[in-house]
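Trainee: I have a structure to go through. Can we take the labels one by one and check each against its cut-off?

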Amino acid sequence: MNLCLIEDDLLLGRALAATLGDAGYRVTWLRTVEAAGRWLDAEPFDAVVIDLGLPDGDGIDVLKALRRRACVLPALIVTARDTLQVRIDGLDAGADDFLVKPFATEELLARLRAVLRRASRRGAGDPDGLGLLTVGDLSLDEARRTCTRAGQTVNLSPTEYSLLQQLMLHKNRVRTRRQLELDAMPESQGQSLDVHMSNLRRKIGSDMIRTVRGVGYLIEAPGTP
Ligand code: CA
């Protein structure tokens with residue numbers, strides 16, 4: 001995950017960059033509105049963590065500029081300004097969440113995970129979080145735990161359902177075997193990932209799930225180049 005951290009305070013910035021780096025994020029640490037403008041245009045970040053009080057302007061303006069370009073990059077504000085108006089302004093400007101300094105790093109990491117999760121749901125064609133995931137003519141209704149392909153109900157086992165859900169939440173991205181085993185079959189004993197996957201393919205059609213040899217699987221809409 002590629003993170004943009006915009007924080008002008010040297011001590012805090014250094015500590016946050018280290019914490020986020022330890023948590024496995026690749027961090028680009030910037031300290032001004034001007035640098036943020038340049039980098040956010042050029043680099044495909046997965047999320048931005050942004051301070052409001054910056055030496056050459058306000059983090060809110062960075063956010064507003066992003067959203068004006070219809071950029072949906074997940075954004076988490078971290079600020080010492082804790083007033084209702086600041087929160088409202090931040091959310092209105094397009095922030096996904098808001099964290100008041102000082103905060104525990106565990107909370108920052110948890111909020112960031114939540115923001116990224118919501119963003120991956122949007123990417124999976126579920127902008128309102130209603131729990132309906134779609135890829136091509138394949139749909140998963142998370143509220144009812146049902147699956148349909150071209151309008152026809154497909155009966156899945158709980159493990160098959162969980163595997164498909166993980167693939168659809170991250171469509172067009174490879175999920176590694178380890179990720180799938182951890183997320184979708186934590187208590188599964190006996191049958192291997194490959195057996196579940198082969199059953200799943202038999203039920204939903206073999207054209208949806210692609211094997212990435214030695215790595216894992218991904219789901220893509222049929223006809224995707
Ligand atoms: Ca600041």
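What follows is a set of questions about labels in this predicted model.

Trainee: What is the overall make-up of the protein?

Mentor: The protein has eight helices and 14 strands. Its C-alpha trace spans about 60 × 35 × 30 Å along the principal axes. Of its 225 residues, 44% are buried. Take contacts between residues at least 6 apart in sequence: 55% of them join residues at least 24 apart.

Trainee: Which domains does the assignment give?

Mentor: Domain 1 covers 2-123 and domain 2 covers 132-219. Four residues from domain 1 and four residues from domain 2 take part in the contact. The two centres, taken over C-alpha atoms, are 32 Å apart.

Trainee: What makes up the interface between domain 1 and domain 2?

Mentor: The two domains bury about 340 Å² between them. Carbon and sulfur atoms carry 33% of that area. On the side of domain 1 that touches domain 2, there are no nonpolar residues, two polar and two charged.

Trainee: How many salt bridges cross between domain 1 and domain 2?

Mentor: Zero. The rule needs a Lys or Arg side-chain nitrogen within 4 Å of an Asp or Glu carboxyl oxygen. Across this interface the rule finds none. The count of residue pairs in polar contact between the two domains is also zero, with both residues required to be at pLDDT 80 or more.

Trainee: How many salt bridges are there in the whole structure?

Mentor: The search finds 14. One of them joins the side chains of Glu7 and Lys101, at 2.9 Å from N to O. The cut-off is 4 Å, so the pair qualifies.

Trainee: Where do Glu7 and Lys101 sit?

Mentor: Glu7 is in the loop between strand 1 (2-6) and helix 1 (10-22). Lys101 is in the loop between strand 7 (97-100) and helix 5 (105-123). They are 94 residues apart, and the pair links distant parts of the chain. Both Glu7 and Lys101 are buried.

Trainee: Why is Arg144 called exposed?

Mentor: Its relative accessibility is 62%. Exposed means over 50%, so Arg144 gets the label.

Trainee: And Asp141, its salt-bridge partner: buried or exposed?

Mentor: Buried. Asp141 has a relative accessible area of 14%. The limit is under 20%, so the label holds. The closest N and O atoms of Arg144 and Asp141 are 2.7 Å apart.

Trainee: How do you know that Arg177 and Asp194 form a salt bridge?

Mentor: Their closest N and O atoms are 2.9 Å apart. That is within 4 Å, so the pair counts. Arg177 lies in helix 7 (residues 177-184) and Asp194 in helix 8 (residues 193-204), so the bridge ties together parts 17 residues apart in sequence.

Trainee: Why are Arg177 and Asp194 called partly exposed?

Mentor: Arg177 has 29% relative accessibility. Asp194 has 35%. The class runs between 20% and 50%, so both residues fall in it. Elsewhere, salt bridges that share partners join Glu7, Asp51 and Lys101 into one network.

Trainee: Why is Arg175 called buried?

Mentor: Its relative accessible area is 11%. Buried means under 20%, so Arg175 qualifies. Arg175 is in strand 12 (residues 175-176). Leaving aside neighbours within four places in sequence, its contacts include Gln166, Leu167, Leu180, Asp183 and Tyr217.

Trainee: What makes the pair Arg175 and His170 a polar contact?

Mentor: Their side chains make one at 3.4 Å. The limit for the N or O atoms is 3.5 Å, so the distance passes.

Trainee: Why does Thr28 count as buried?

Mentor: Thr28 has a relative accessible area of 13%. That is under 20%, so buried is the right word. Thr28 is in strand 2 (residues 26-30). Not counting residues up to four places away in sequence, Thr28 touches Leu3, Cys4, Leu5, Trp39 and Phe45.

Trainee: What about Pro74: buried or exposed?

Mentor: Buried, at 5% relative accessibility. The cut-off is under 20%, so Pro74 meets it. Pro74 is found in the loop between helix 3 (59-68) and strand 6 (75-79).

Trainee: How far is Pro74 from Asp137?

Mentor: Their C-alpha atoms are separated by 27 Å. Along the chain the two are 63 residues apart.

Key: Residues are numbered from 1 along each chain as its sequence is written. This is a predicted model: local features need pLDDT of at least 70, side-chain atom pairs count only at pLDDT 80 or more; totals for chains, interfaces and linings use all residues. Side-chain values use heavy atoms; hydrogens and water are left out. Domain bounds come from an automatic or database domain assignment. Contact means heavy atoms within 4.5 Å. Buried area is the accessible area (1.4 Å probe) that two parts lose on being put together, summed over both. A polar contact is a pair of N or O atoms within 3.5 Å; within protein, one must be able to donate a hydrogen and the other to accept it, and residues adjacent in sequence count only if both atoms are side-chain atoms. Ala, Val, Leu, Ile, Met, Phe, Trp, Tyr, Cys and Pro count as nonpolar, Asp, Glu, Lys and Arg as charged, and the others, Gly among them, as polar. Helices (H or I, at least four residues) and strands (E, at least two) are DSSP runs, numbered from the N terminus. Buried means under 20% relative accessible area, exposed over 50%, partly exposed in between (1.4 Å probe, protein chains only).
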